[in-house]
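Trainee: I have this model open on my screen and would like a close look at one part of it, the open sheet. Could you walk me through that sheet and what surrounds it?

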Amino acid sequence: MKSRITTIIMTIIIFLIIVGFILFGIILFNDFFNEDVASGVQNFVSTVTSLGKNEEEENITTPGIIETNIDDLEETPVGENSGEKYENVVVNDYFYNQLEETSKIFYRAFESNKENMKTGNYRIDFGDAFSDILNSSGGEEKLGDYYQSAVETYIYDHPEVFYINVNKMYLNIETTTRGSEVTYNVFINAGNQGSYLDSAYSSKEQINTAISEIESVKNQILSQKTGDIYQDIKMVHDYLVDNVEYDTTISKPNIYNIYGTLVSGSSVCEGYAKSFKYLMDELGIPCVIVIGKGTNSSGQSENHAWNYVQINGIWYAVDSTWDDPVVIGGGRATLTARYQYFLKGAKTMDKDHFPNGQFTEGGKIYEFPELSNYDYAI
């Protein structure tokens, strides 16, 4: 009898041990596969419009989500600021101040890594800085929207960063699941593009050379500054009108940025507007880039970019592109034409300039400064 009871007890113990091993194996199996198989990377691609005087309106969309194997991204160089919110980066730019706090983190990261991004493949790490958002419903899409706003805002606040093609920058959201625990790692890189530099540039050295050329022109222009705000604004306006030729081919490199405008002397409206802001920033004169629609002399509506600049606390409009009209048969525009859109108020600009406050279709809507009703009077 004792032998039978002992046998039953031993059988139960052995059975329980076997069940325990099986359960332990299942847990290890799930952890292993949840980490290596369920881990995914989602990429948000930024798209920012470029404005040309005679271009058709582009179809701008919010960032798309692309499923990417994590193994394809692990070779990307790791940045030095993993998990940072870049709180020590001081920024006080016009459009930056209209961003939500999450977008400001991305913006400050761009500003902090301006030099690093010249390599074209520097990885900007945020670690788990956005976990609260990503743990919420629709978190990936929300973070993509915040990123999009930050990218477009940074580009229009900082025309000196002409060497980055934001359409080749990817926001990566790496998700790792261990049982019921989900963790996130967020970083920005060039994805499978290899580089997020503009196609006109292939190295940091080439970018630094281009910057030196721009600064040489800038120093030449600003050597004429007087310290009188009106005269200095006029000096920059006149330089652009006299030395830049409006590009009608829409095919040359750099026509949308300050290099093409200031060094090559060929540009479309976006290049004029960015260059005007770049030089105003160097002079310490408040200035923003304005985008929207313009109705030309033929009554046609087109994408357009111009500037608002501040004098004595009051904002006025300057459109150096339309003050530099293409003269059929060559020659220079009349004096009246050269200042038709120089330091103008709303009563003048509202006739044919229509700001829309939106850099990309479906993107954040920004507030532009309130324009003076009347033109500037000397």
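**A close look at the sheet**

Mentor: Happy to. Let's begin with one residue: His353 is buried, at a relative accessible area of 2%. Keep in mind as we go that this is a predicted model. His353 belongs to strand S12, which covers residues 353-355. Its side chain makes a polar contact of 2.7 Å with the side chain of Asp352. If you set aside the neighbours within four places in sequence, the residues in contact with His353 are Lys293, His304, Trp306, Asp319, Trp322 and Tyr341.

Now step back to the sheet itself. It is an open sheet of five strands, in the order S11-S10-S9-S8-S12, and the pairing is antiparallel. Strand S11 (342-344) and S12 are the edge strands, each pairing on one side only. On average, neighbouring strands of this sheet are turned by 45° against each other, direction ignored. Helix H6 (residues 229-243) packs on the sheet, where it touches S9, S10 and S11. The direction of H6 makes about 125° with that of S11.

Strand S8 (residues 287-295) deserves a slower look. Seven of its nine residues are buried, so S8 is largely enclosed by the rest of the structure. One residue of interest here is Cys287, which is buried with a relative accessible area of 6%. Cys269 is buried as well, at 0%. In case you are wondering about cross-links, a search of the whole structure finds zero disulfides.

S8 pairs with S9 and with S12, so let's take each pairing in turn. S8 and S9 run antiparallel and are joined by nine bridges. Among the partners, Val288 is matched with Tyr308 in S9, and Gly292 is matched with His304 in S9. You will recall His304 as one of the residues in contact with His353. The hairpin of S8 and S9 has five residues between the strands, and Gly299 there takes a positive phi near 85°. With S12, S8 pairs in the antiparallel sense over three bridges. Here Lys293 stands opposite Phe354 of S12, and Lys293 is also among the contacts of His353.

Moving along to the next turn, Asn312 is in the loop between strand S9 (301-311) and strand S10 (314-318). Its phi is near 50°, a positive value in a residue other than glycine. That is worth a glance because most residues other than glycine have a negative phi. Asn312 is exposed, since its relative accessible area is 67%. Set Asn254 beside it: this residue also is not a glycine and has a positive phi, of about 70°. Asn254 sits in the loop between strand S6 (245-246) and helix H7 (258-264). With a relative accessibility of 12%, Asn254 counts as buried, because the cut-off for buried is under 20%.

Finally, turn to a pair of helices. Helix H5 (residues 204-222) and helix H8 (residues 269-283) pack at an angle of about 65°, and their axes are 11 Å apart. Ile214, Glu215, Lys218, Ile221 and Leu222 of H5 make the contact with Tyr278, Leu279, Glu282 and Leu283 of H8. The crossing of H5 and H8 is right-handed.

Terms used
Residues are numbered from 1 along each chain as its sequence is written. This is a predicted model: local features need pLDDT of at least 70, side-chain atom pairs count only at pLDDT 80 or more; totals for chains, interfaces and linings use all residues. Side-chain values use heavy atoms; hydrogens and water are left out. Helices (H or I, at least four residues) and strands (E, at least two) are DSSP runs, numbered from the N terminus. Buried means under 20% relative accessible area, exposed over 50%, partly exposed in between (1.4 Å probe, protein chains only). A polar contact is a pair of N or O atoms within 3.5 Å; within protein, one must be able to donate a hydrogen and the other to accept it, and residues adjacent in sequence count only if both atoms are side-chain atoms. Contact means heavy atoms within 4.5 Å. A disulfide is a pair of cysteine sulfur atoms within 2.5 Å. Two strands pair if DSSP finds at least two bridges between them. Axes are lines fitted to C-alpha atoms, for helices over the stretch in contact, and angles run from 0 to 180 degrees between N-to-C directions. A crossing is left-handed if the near helix is turned anticlockwise from the far one by less than a right angle, and right-handed if clockwise.
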